[in-house]
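Visitor: Could you walk me through this one? I'm new to reading structures, so please go slowly.
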Protein chains: 2
Amino acid sequence: MRLTEAEWVIMNALWEGHPARAREIAGRLPADVNWAYTTIKTLLTRLVEKKAVQERKEGNASVYEPLLSRRNAQRSALRALAEQAFDGAFGPLMHFLLEQERLTAKQRRELIRILENNRKAKGERK
Amino acid sequence: MRLTEAEWVIMNALWEGHPARAREIAGRLPADVNWAYTTIKTLLTRLVEKKAVQERKEGNASVYEPLLSRRNAQRSALRALAEQAFDGAFGPLMHFLLEQERLTAKQRRELIRILENNRKAKGERK
DNA sequence: TGACTTCTTCTACAAATGTAGTAGAATTGT
DNA sequence: ACAATTCTACTACATTTGTAGAAGAAGTCA
């Protein structure tokens, strides 16, 4: 599932809490996003069309619920990026991230911990 | 610098070897990309307009050279993704990657090594 | 029950993107 | 020198994306 930039903004707000109606979503958008209410509605309609969101009527108004989970959206986005910019593999992507990005000592320890756990989970011995 | 999907395809081919002329780039595109020669030219022109590529004349023909490095393009793409899908931080992104993606033991060791080095580079003591 | 307020559904429209065709200039092979 | 090939510069056009306005249906409050 492929989301556009504007759609990500809406989805992020929706994932924050749902079901939610357009008005609530509007209230959760980042401060620098000043969209007309109808813009939000348009985006929601498009998301419903592409089955990323489910719409349900409650009286006259619509209530929205994500069908696409954040994790899945993130996964797709990462796959697409790896595909397009890192020879289709996650290895180089992670490699790049770990080398390039400045991490705090704490973050680094945390990542190492994850890697170690990950290793144990796979039943690999020390 | 923001590249579109089609532009990434062109840039990937250009980064592979340059300077290069349109015809060479055409020859390096992934097998599943069957663009008309003029499509490639159009894309190259757009890339020149947005200063991601430099064009130089050699006789009648054009020779292209990247102005935007692959690393920088990758970095921008990752930043944009982190921004849009991971609360603007790399931490969660890496976390997600490390947790989600299946790595081979070798890859894991390699990543741990990078993390450790990284730590040393920062002059952090054990 | 009328005046607001709030929603919904449609329609609109410019800019960005993907993808190419045309026509004419330059190069090349014979 | 001419035909065939190859390039370039323009133009074109359908889709997708970002962003919203208009008009009418519903709900709400005095």
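Guide: Let me begin with a term we will need: two residues are in contact if their C-beta atoms, placed from the backbone, lie within 7 Å. Please keep in mind as well that this is a predicted model.

Visitor: Okay, so how many residues of chain A are in contact with chain B?
Guide: On chain A there are 31 such residues, and they are in contact with 31 residues of chain B. On the side of chain A that touches chain B, at least two residues each are supplied by α1, α4 (70-85), α5 (90-100) and α6 (105-121) of chain A. Sorted by class, that side has 17 nonpolar, seven polar and seven charged residues.

Visitor: And how are the two chains related?
Guide: A turn of 180 degrees, with a shift of 0.0 Å along the axis, lays chain A on chain B with an RMSD of 0.1 Å. The two copies are thus related as by a two-fold rotation axis.

Visitor: Which residue of chain A comes closest to that rotation axis?
Guide: That is I112(A), whose C-alpha is at 3.1 Å from the axis.

Visitor: Why do you say the copies meet through the same surface?
Guide: Because 100% of the interface residues of chain A are also interface residues in chain B.

Visitor: Switching topic, what surrounds DNA strand D?
Guide: There are 20 residues around DNA strand D, and the closest are T4(A), E5(A), A6(A), N60(A) and S62(B). Elements of both chains give two or more residues to this surface, among them α1 (5-15) of chain A and β2 (61-66) of chain B.

Visitor: Which element gives the largest share there?
Guide: That is α3(A), with four residues. By class, the surface near DNA strand D divides into six nonpolar, ten polar and four charged residues.

Note on methods. Residues numbered from 1 in each chain as written. Chains lettered and ligands numbered in written order. Predicted model: local features only at pLDDT ≥ 70, side-chain atom pairs only at ≥ 80, totals over all residues. Near = placed C-beta within 6 Å. Nonpolar A, V, L, I, M, F, W, Y, C, P; charged D, E, K, R; others polar. Least-squares fit on C-alpha atoms with pLDDT ≥ 70 in both.
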